[in-house]
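Let's take a walk through this one together, sheet, helices and rings in turn. Have the sequence and the 3D view open side by side.

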Amino acid sequence: MNRVIARKLAANVSRLKVRQEYFCTDAAARVSVFNRGQSSQEHKEKNDFANNIQQYDIAIVGGGMVGMALACSLASMPLTKHLNVAIIDSNPALGSRVRLNKGDPPDARVSTVTPATISLFKDVGAWQYIEQNRHAYFDKMQVWDYTGLGYTRYNARDINKEVLGCVVENKVLHDSLLSCIETTDFQKTFHPSRLTSMTLHPSSSSMGMDSTLLKTPSSSLGHLAKLELSDGKSIFAKLVVGADGGKSRVRELAGFKTTGWNYSQDAIICTVEHSVENQCAWQRFLPAGPIALLPLGNNFSNIVWTMNPKEALNRKLMNEDDFVKDTNAALDYGYGPHPKSSLLEMGDMFSWLRGDVTLSATEGFEVPPKVVKLASERMVFPLSLKHANDYASKRVVLIGDAAHTVHPLAGQGVNMGFGDALALSRVIAEGIAVGIDIGEVTMLKKYEEERKRANIMMMAILDGFQKAYSVDFGPLNLLRAAVFHGANYISPLKRNIISYASGDQRLPLFS
Amino acid sequence: MASKLLNHCHLRALCSTHVFSPRFPHPTRATLTLLHFRPFSDAPSSPPPEKPQSYNNTRNDIGMEKSPTQTLSSLKELELVKFASIAETWWDSEGPFKPLHVMNPTRLAFIRSTLCRHFRKDPNSSRPFEGLKIVDVGCGGGILSEPLARMGAAVTGVDAVEKNIKIARLHAELDPVTSTIEYCCTTAERLVEEERKFDAVISLEVIEHVADPAEFCKSLAALTIPDGATVISTINRSMRAYATAIIGAEYILHWLPKGTHQWSSFLTPEELVLILERANITVKEMAGFVYNPFTRRWSLSDDISVNFISFGTKNAQ
């Protein structure tokens, strides 16, 4: 063992000596390098070498949709495609790909991807794989509430686009990213284990004048972050990316504090079937929470129904027929009347604004298609708002749900995560262009500034909606109705809302 | 845009002594005062953090005649004492060297784009300077040398202050990529004596601390191979620079210790172009750095009224 170490260190030292070809007045430097090389033998290096130390540029903890999106984005840019990346995820399916069976009914876990995310996927080359599997573009959306006082319809043609978004199963999204990265020669290594502990070595600002490298355990690896995995392996990386979801271990180990609260609401999700094609996204705000019906294609739709935890449990356990009846009631005549679709009463108020009417403002109110049967099991998830106070510190950065979790009411959660992945990969590329060490905190803070601003804005808006709709109070109901009408008939506002929700990064009101 | 600026500078440099007119009442005397004699710069009371190169040329201060060796040693002692206290803070990105750390990516962006274009390297490569020999004159703690090494260059960093070199070496050892940097405690003149040659000679924020900028530029030119690159950055001797770089940075924002810079030691872009011309270097591009206090970021711009950087090539003989 010692001989191996001695040989390795000797090789390191001789490499250093060879590069100092030119005559340099300070010969003492060379001597100290030699000493340093020999003295680090007595440290943990012995154990480290025995445990098969692996060194990476970036370690992505969490190989889910957002983690893999980061990997794909890095693989697709010329400045970053040479990076050596480790992906740590205990899901064994990552290493050995499980073929998606197209005949299966749709999975209940779906995401609505915004046009911004679609273009990200197209840029990295992963969208082609999604088109080969089940996916459903939709170009219409209708939002109303139980009071029947107002509704809003959105149409992609309002902003001269083809689609408002696309509903895709999470497993399809994930698989397409995996397929995409397999086709590149990006150096990635999957580690099918969990992260148990992490050490982020201190920066060199605490160095004294003497050679302090004797104090750090491994002289050549002392500046890297060290991750210990559940299978006993240790890996070193210049940058650790926490993409491990709402209960992020990386966030915990790095000591990032979070702000947030639990909504006293759970969401039930399931897949349902209709007798006709559903091509519109529907959302109705009920007293206990919104119910959303998202098109999946082939007469299938996905339901995301938010309600208080007791009701959620009841609905999960009740028999299927009752559940279907309840769902139809919630979408149609239950809890309150339909909004009037004629423009006669309310429309006069806005006739002076109607110079430039959007296509969807002329569409009347429609009732969503009836649910015929349940096509999957019902899953229940508790909902909360959580936001990490910092996204980045030296050698560690958070993306996706690890940095922020939101209410699903606007289908933005994973889209914010994809936005994070894109922003981080761009910041890393810019850093590499100017030779910065990618674990450098100033560079990571640039990412944090950019994304925090966007994410906090979105979270504030979503939280505002959630709170506004959880109160049944006469004047507030009228105010919400007025907002519906405003959004429906004031064309510039509607266009801005659609742009913002599509991921165009412009605020709905002030830009 | 940059070429327009350069044409302007070249024109002004070429039309005789009117070059120096905006700031001095007597142009001819000004020429002489600038190049050989600095009436307004006393012996530095608090030496600047960036290592000033102390040269063999005599610095004649008002009323004091010092012999070359005496000047050299007295300056060195003063600087060493001052630097000993803050040398450790080179790599503390919140310390007295913070402005350099914050400005660094912007300077590197300019260097990357000009050098890639000049040496015909692929700008999309992650190591575009592979195969180039670069010297960082006045490297300090290695803030510029390390990113250059990461970009693939074979870097030599020189600084006349021993402590800076020690700090630079220690920090560079942390990353195997930067541990290949050759640091030497020496001056540009001595490197010229050793007949060292480099593809690119970079000296940022140093020339304003030098006793004789013309001689300094000649040394830098001697270190460059024919058709090699020379990059120099400094602060403009303008009213605006006085307000921002001295009063603003030193007295109001406390970014830099007081006395870091002497306004009279600053060079205008025209003067820099002229002395580089005389050293056989043609300035090809020039850009300025501007700071946006709201986004707290530096960016490259055409505004050379405060900080500016110039890229020149050595005339092939």
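In which sense do strand β5 (residues 224-235) and strand β8 (residues 307-314) of chain B pair, and over how many bridges? Keep in mind that you're looking at a predicted model. The two strands run antiparallel, and seven bridges hold the pairing. If you want a spot to find by eye, look for B:I235, which sits opposite B:N307 of β8(B).

Now zoom out to the sheet around that pair. In chain B, eight strands make up an open sheet, and reading across gives β3-β2-β1-β4-β5-β8-β6-β7, with mixed pairing. At the edges you'll find β3 (182-185) and β7 (297-301) of chain B, each with pairing on one side only. Going from one strand to the next, the twist averages 20°.

Hop over to chain A for a pair of helices. Helix α14 (residues 474-489) and helix α15 (residues 491-501) of chain A pack with their axes 5 Å apart, at an angle of about 90°. Angles of 65 to 115 degrees count as roughly perpendicular, and α14(A) and α15(A) are therefore roughly perpendicular to each other. So who's touching whom? On the α14(A) side the contact uses A:G486, A:A487, A:N488 and A:Y489, while α15(A) brings A:S491, A:L493, A:K494 and A:I497. Sort the residues of this contact by character and you get four nonpolar, three polar and one charged.

Next, the rings. Counting over all chains, the structure has 15 aromatic pairs. Take A:W144 and A:W282: their ring centres are 6.4 Å apart and their planes meet at 85°, so this pair is edge-to-face. A:W144 belongs to strand β5 (residues 140-145) of chain A and A:W282 to strand β13 (residues 280-286) of chain A, so the pair links distant parts of the chain, 138 residues apart. Both A:W144 and A:W282 are buried.

A second pair looks a bit less clear-cut in its label: the rings of A:Y391 and A:Y447 have centres 6.2 Å apart and planes at 45°, so the pair is tilted. You'll find A:Y391 in the loop between β17 (379-388) and β18 (392-393) of chain A, and A:Y447 in helix α13 (residues 441-468) of chain A, so the pair ties together parts 56 residues apart in sequence. A:Y391 and A:Y447 are both buried as well.

One last stop: A:F121, A:W127, A:Y137 and A:F418 are linked into a cluster by ring pairs.

Note on methods: Residues numbered from 1 in each chain as written. Chains lettered and ligands numbered in written order. Predicted model: local features only at pLDDT ≥ 70, side-chain atom pairs only at ≥ 80, totals over all residues. Heavy atoms only, no water. Pairing = 2+ DSSP bridges. Helix = DSSP H or I, 4+ residues; strand = E, 2+ residues; numbered from the N terminus. Axes fitted to C-alpha atoms, helices over the stretch in contact; angles between N-to-C directions. Parallel < 35°, antiparallel > 145°, perpendicular 65-115°, else oblique. Contact = heavy atoms within 4.5 Å. Nonpolar A, V, L, I, M, F, W, Y, C, P; charged D, E, K, R; others polar. Phe/Tyr/Trp six-rings, centres within 6.5 Å; stacked < 30°, edge-to-face > 60°. Buried < 20%, exposed > 50% of the residue type's maximum accessible area, 1.4 Å probe, protein only.
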